Amino acid sequence: MKISQEQKSQNRQAIIRAGVAVITEKGYRSATMRQIAKAAGIGDATIYNYFTTKAAILYGYYTDHMQAVIEALKAMDSFHTFSLQEQLQTLYETSLEMYLGDREFVAQTYQRVLLGGSRDWKQIKPIRDVFLAAMDSMLSAAAEVGEIPDPVFQELTGQLFMDAYVGVIGYWLADDSETFSNTSVLIDRGLDLACALLKAGVANKVFDLAVFMFKTHILGRLDCLVQPTATLNAIKRRFMEDTDDR
């Protein structure tokens, strides 16, 4: 029997929520797809129509989480009036608030998913794409109004904030201070420094210095680099000529 897109979406969410519950209770290694299917109220075979592996359920959870965070920011009428630092802080804190109910699950799976690196690049790319698209929007808007200079390496800047975001989650998971106040201080002071560096155009100045060094110290010495290469090629030609004469 054919089911509607709405029912498919509901089934997918049911599987993810069941995955969170089962993995939280039993641990990632001990949890099985059959247990998750049972908890979701679907057939053992049906679950594979939505997620081919247990790991895919994890990535589905984190992708949905990131999309939900961005949708929450879009729903804030005044978000576009925030400074870049306020926008970043809101993004980080909104994400942590949404993780709070699943904190134990996140603690069990965070390292595997968000610190997976190139090993699971295809699975983590959708999560990064959502975050980096939001970063591109924030940085571009800040540059348009003159809050920061146009970043020379805007994509790299976004990736650095993504890495900082992952680090903040790790810190939050280990934070035993009341209402996670230490994490709040870390976010506040870290973003204060990062945004001060952006406003000062530090990355742009480093880039300008690199260009100056390249033009004056590399391009100006190309003649010195070309001469040994020409000599080496001449030696190779004489050797081959000697061989041909034999």
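**Note on the α1/α2 contact and on Thr157**

1. Apart from residues up to four places away along the chain, Ala39 is in contact with Ala18 and Val22. The model in which this is seen is a predicted one. Ala39 belongs to helix α2, and its C-alpha lies 7.7 Å from that of Val22, although the two residues are 17 residues apart in sequence.

2. Is Ala39 buried or exposed? Its relative accessibility is 51%, and because the exposed class begins over 50%, Ala39 counts as exposed.

3. The contacts of Ala39 belong to the meeting of two helices, α1 (residues 5-26) and α2 (residues 33-40), whose axes come within 8 Å and cross at roughly 125°. The two helices are therefore oblique to each other, and the crossing in which α1 passes α2 is right-handed.

4. Which residues make this contact? From α1 come Ala14, Ile15, Ala18, Gly19, Val22 and Lys26, while α2 contributes Gln35, Ile36, Ala39 and Ala40. By residue class, the contact of α1 with α2 consists of seven nonpolar residues, two polar ones and one charged one.

5. A separate point concerns Thr157, which is located in helix α7 (residues 154-174). With a relative accessibility of 12%, and because buried means under 20%, Thr157 counts as buried. When residues up to four places away in sequence are not counted, Thr157 touches Leu139, Pro151 and Leu198.

Conventions: Residues numbered from 1 in each chain as written. Predicted model: local features only at pLDDT ≥ 70, side-chain atom pairs only at ≥ 80, totals over all residues. Heavy atoms only, no water. Axes fitted to C-alpha atoms, helices over the stretch in contact; angles between N-to-C directions. Helix = DSSP H or I, 4+ residues; strand = E, 2+ residues; numbered from the N terminus. Parallel < 35°, antiparallel > 145°, perpendicular 65-115°, else oblique. Left-handed = near helix turned anticlockwise from the far one by under 90°. Contact = heavy atoms within 4.5 Å. Nonpolar A, V, L, I, M, F, W, Y, C, P; charged D, E, K, R; others polar. Buried < 20%, exposed > 50% of the residue type's maximum accessible area, 1.4 Å probe, protein only.
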